[in-house]
Amino acid sequence: MATFTKLALSGGNADGLGITVVATATAGTLIHTASTTAATIDEVWLYAANIHSSAVTLTVEFGGVSVTKDIIQQSIAATPSGLVLVCAGLIVQGNATQKVVRAFAGTASKIEIFGFVNRIA
């Protein structure tokens, strides 16, 4: 039987605070790195908040620098838009090349990423 464990994103603080997206191009700011165990799957849930007075485009990358997959690209509305769901349970697996999740934005340090991982082993 599978075991589910809810975890904070590894690219941020263990306390669940937002991760500031500083990068404006690939390779983006580190959001999460999947387990190194081949049989483990991380189900990733991400929410974005824009603290800028204008909309900002956010790109979430699934993969390393050489295997980049720009999975999600969307405009995050200006403050006060609240949290916007940007990744609804996509998975990264320990044995896959694309086990790293990164993000970059059109304007540096204006997007905060919040979320969690359901680790399935």
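## Getting started

In this report, strands are DSSP runs of at least two residues, numbered from the N terminus. With that in hand, A27 can be placed in the loop between β2 (19–20) and β3 (29–33). Please keep in mind that this is a predicted model.

## The overall picture

Let us begin with the whole protein. Its secondary structure comes to nine strands and zero helices, and reading along the sequence gives the pattern β-β-β-β-β-β-β-β-β. The C-alpha atoms fill a box of roughly 45 × 30 × 20 Å along the principal axes. The radius of gyration is 14 Å, which agrees with the value near 14 Å that a compact globule of 121 residues would have.

How are the contacts spread along the sequence? Counting contacts between residues at least 6 apart in sequence, 76% join residues at least 24 apart.

## Surface and charge

The protein exposes about 6000 Å², and carbon and sulfur atoms supply 57% of that area. Of the 121 residues, 36% are buried. As for charge, there are 6 positive and 6 negative charges, and their mean positions lie 4 Å apart.

## Inside the core

Which residues of the largest nonpolar core touch the most other members? They are I31, L46, L58, V60, I111 and I113, out of 23 residues in this core. The elements that give two or more residues to the core are β4 (41–50), β5 (56–62), β6 (70–76), β7 (84–93), β8 and β9. The largest share comes from β5, with four residues.

I113 is a good residue to follow from here. Leaving aside neighbours within four places in sequence, I113 is in contact with L9, L17, G18, I19, V21, I31, L46, Y47, A48 and L58. Among these partners, I31, L46 and L58 also belong to the group of core residues that touch the most other members.

## Two buried residues

V101 sits in strand β8. Is V101 buried or exposed? V101 counts as buried because its relative accessibility is 0%, and the cut-off for buried is under 20%. Apart from neighbours within four places in sequence, V101 is in contact with T29, L30, I31, H32, L46, V60, E61, F62 and V92. K6, by comparison, is 95 residues from V101 in sequence, and their C-alpha atoms are 17 Å apart in space.

T40 offers a second example, this time in the loop between β3 and β4. T40 is buried too, with a relative accessible area of 7%. Not counting residues up to four places away in sequence, T40 touches S35, V92, Q93, G94, R119, I120 and A121. V92 therefore appears among the partners of both residues, since it is in the contact list of T40 and in that of V101, and both of those residues count as buried.

## Backbone details in the loops

Two spots in the backbone deserve a look. What kind of peptide bond joins T26 and A27? The bond is cis, with omega at about -10°. A27, as mentioned at the start, is found in the loop between β2 and β3.

The other spot is S109, in the loop between β8 (100–105) and β9 (111–120). Phi of S109 is near 60°, a positive value in a residue other than glycine. With a relative accessible area of 32%, S109 is partly exposed, because that figure falls between the 20% limit for buried and the 50% limit for exposed.

Definitions and conventions:
Residues numbered from 1 in each chain as written. Predicted model: local features only at pLDDT ≥ 70, side-chain atom pairs only at ≥ 80, totals over all residues. Heavy atoms only, no water. Rg over C-alpha atoms; globule rule 2.2 N^0.38 Å. Buried < 20%, exposed > 50% of the residue type's maximum accessible area, 1.4 Å probe, protein only. Contact = heavy atoms within 4.5 Å. Areas by Shrake-Rupley, 256 points an atom, 1.4 Å probe, with all protein chains shown as cover. Lys, Arg positive; Asp, Glu negative; His and termini not counted. Charge placed at Lys NZ, Arg CZ, Asp CG, Glu CD. Core = buried A, V, L, I, M, F, W, Y, C linked by side-chain atoms within 4.5 Å.
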